[in-house]
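Open the model in your viewer and keep the selection panel at hand. The tour goes stop by stop, with something to pick at each one.

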Amino acid sequence: CVGVYGESECGDLSSSFLSSSSSSSKLLIKGGIVVNAHHQLVADVYIENGIIVSVQPNIKVGDDVRVLDAIGKYVMPGGIDPHTHLGMEFMGTETIDDFFSGQAAALAGGTTMHIDFVIPVDGSLTAGFEVYTEKAKRSCMDYGFHMAITKWDEVVARDMEVMVKEKGINSFKFFLAYKGSLMISDELLLQGFKKCKSLGALAMVHAENGDAVAEGQRRMIDLGITGPEGHALSRPPELEGEATSRAIRLAGFVNTPLYVVHVMSIDAMEEIAKAHKSGQKVVGEPVVSGLVLDDSWLWDNDFSTAAKYVMSPPIRKRGHDKALQAALSTKILQLVGTDHCTFNSTQKALGIDDFRKIPNGVNGIEERMHLIWDTMVESGQISVTDYVRITSTECAQIFNIYPKKGAVLAGSDADIIILNPNSSFEISARSHHSRSDTNVYEGRRGKGKVEVTIAGGKVVWEHDELNVVPGSGRYIEMPPFGHLFNGIDKVDAAYMSSLHAPVQRSRTAS
Ligand code: URP
Ligand code: ZN
Ligand code: ZN
Ligand code: ZN
């Protein structure tokens, strides 16, 4: 019954004996607490050829099947990171983690799929897609693509269609910041939203007011503030709140769903909460750095320590982190990304004399699953089923690849982690798998450790060792018109009739 998604439809497997000639691709995860976003149960998970065949208690297998003991441990869908930048050319340099090193780090931390942002080449989507397809050839885990839109003309509009209909992309990101490079105008944003809506593609925004950020940067430089703290001071939460509100209102005007990436402030989060109250479909994605760090590091006397925390929108003052955690636990924010965009200390030093030149970005792809477990589950803020939802299932559902991804169900891809809640983790640049020489979570310890990662049915992380092969990762195509598009046409129809009805009534009356 491979290909059927369900937990107990394979009733045949518990009574019969599973065996066949080839051995390496067969796994049984025995006796763990299997957790999905909707419920959990103690069960075995049987895997064959990269696919979950059965999830139920007491599955019996032949001796050609490798058995992994998971008693007392959680067996969960591998993490899906909705927001990464591997091999990205940005701010005069290129991220130190490419598709291989970034993915190896991800697997060591329990993430088995990520969605990366294709950056167009001189505005060209097709050229950008080719470049990223090449970059991703060394992949060792499954990945998908979002695509940024950095200019607007007929070719871009047509290429968006090609990306959605032929290339498996169902989301486009619009930058409202990075003036002079990636930033786009409101006019383009509106055109882009309309095109996204017609294609069933999800519009995503980096929400900061880029004009005001440029003004804030000038203000800091005029005041003689050139260090990393100038980064935070030049782009306060108000500018994130404004851009978030504007994007939400314009998406509402077009009536298309919106995904706000890296929500870093109370200001932005409250705009999303307000939109939900009015029934608008807006997804809010906090990132690990915003959930667990505060901005005090940016004032560190040592430049290289302070510079490693420079990302946009900036890491905020203490308080924003706790508010974002609360919003995540109450579903105002829906899923957690990393914005993994890593530069080493030499690269960060490009901005030693001017914070505007420090490449923006922090690590997180390896740390996300551990830090969210420790911060959210261990603290009692969310349940284990919620953990699965915010680290995996929600992402798969939003980007329309559920239940192939994001579930431990018969028929799903065998991307699975075994997490030991009684073990602990410690983060350090000395032991992490990113190529960077620094880690923004240096020295952090916590409870809950991913002891085993299974990707595509293969054990790739076990006993603190990686077993990964470049080129083994697959590109996952993501179809358009995900569930966020349900009902959009009905809202449009109601809007149209609301426009005509009163006008016609008053004209016939006069
Ligand atoms: O600082 C960041 N966030 N770097 C990556 C690019 C982006 O804005 O997502
Ligand atoms: Zn069956
Ligand atoms: Zn961004
Ligand atoms: Zn990003």
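Select α8 and α9 in this predicted model. Helix α8 covers residues 237-254 and helix α9 covers residues 266-277. Their angle is about 25° and their axes are 7 Å apart. The cut-off for roughly parallel is under 35 degrees, so α8 and α9 are roughly parallel to each other. They cross in the right-handed sense.

Now show the side chains at this contact. On the α8 side, pick P237, E238, E240, G241, T244, S245 and I248. Their partners in α9 are I266, D267, A268, E271, I272 and A275. By class, the residues of this contact are six nonpolar, three polar and four charged.

**Next: α5 against α8**

Keep α8 selected and add α5, residues 186-199. How close do the axes of α5 and α8 come, and at what angle do they cross? The axes come within 10 Å and cross at roughly 45°. That angle makes α5 and α8 oblique to each other. The crossing of α5 past α8 is right-handed.

Pick D186, L189, L190, F193, K194 and K197 in α5. Across from them, pick L250, A251 and V254 in α8. Colour by class: the contact of α5 with α8 has six nonpolar residues, no polar ones and three charged ones.

**A loop stop: Y178**

Step back along the chain to the loop between β11 (171-175) and α5. Select Y178 there. What is the sign of phi at Y178? Phi is positive, about 65°, although Y178 is not a glycine. Most residues other than glycine have a negative phi.

**Two cis peptide bonds**

Most peptide bonds are trans. The next two selections are cis.

- Select S312 and P313. The peptide bond from S312 to P313 is cis, with omega near -10°. P313 sits in the loop between α11 (303-307) and α12 (320-329).
- Select Y402 and P403. A cis peptide bond joins Y402 and P403, with omega about 5°. P403 is in the loop between α15 and β15 (416-426).

**Next: α14 against α15**

Stay with α15, residues 384-398, and add α14, residues 368-377. These helices pack at an angle of about 140°, and their axes are 11 Å apart. That makes α14 oblique to α15. Their crossing is right-handed.

Which residues meet here? In α14, pick M369, I372, W373, M376 and V377. In α15, pick V384, Y387 and T391. The contact of α14 with α15 divides into seven nonpolar residues, one polar and no charged.

**Zoom out: the annotated range**

Select residues 74-460. An unreviewed UniProt entry lists this range as "domain: Amidohydrolase-related". Over residues 74-460 the chain is 38% helix and 18% strand. Label the C-alpha atoms at the two ends of the range: they are 17 Å apart.

**Last stop: confidence**

Colour the chain by pLDDT. The chain averages 95, and 94% of the residues score at least 70. Then select residues 7-23. Over this stretch pLDDT stays under 50. How many contacts beyond four places in sequence does the model have for residues 7-23? It has 31. For the model as a whole, ipTM is 0.92 and pTM is 0.95.

Key. Residues are numbered from 1 along each chain as its sequence is written. Chains are lettered from A and ligands numbered from 1 in the order in which they are written. This is a predicted model: local features need pLDDT of at least 70, side-chain atom pairs count only at pLDDT 80 or more; totals for chains, interfaces and linings use all residues. Axes are lines fitted to C-alpha atoms, for helices over the stretch in contact, and angles run from 0 to 180 degrees between N-to-C directions. Helices (H or I, at least four residues) and strands (E, at least two) are DSSP runs, numbered from the N terminus. Angles under 35 degrees count as roughly parallel, over 145 as roughly antiparallel, 65 to 115 as roughly perpendicular and the rest as oblique. A crossing is left-handed if the near helix is turned anticlockwise from the far one by less than a right angle, and right-handed if clockwise. Two residues are in contact if their C-beta atoms, placed from the backbone, lie within 7 Å. Ala, Val, Leu, Ile, Met, Phe, Trp, Tyr, Cys and Pro count as nonpolar, Asp, Glu, Lys and Arg as charged, and the others, Gly among them, as polar. pLDDT is the predictor's confidence in each residue, from 0 to 100. UniProt positions are given in the numbering used here, feature names are shortened, and annotations may be inferred rather than shown by experiment.
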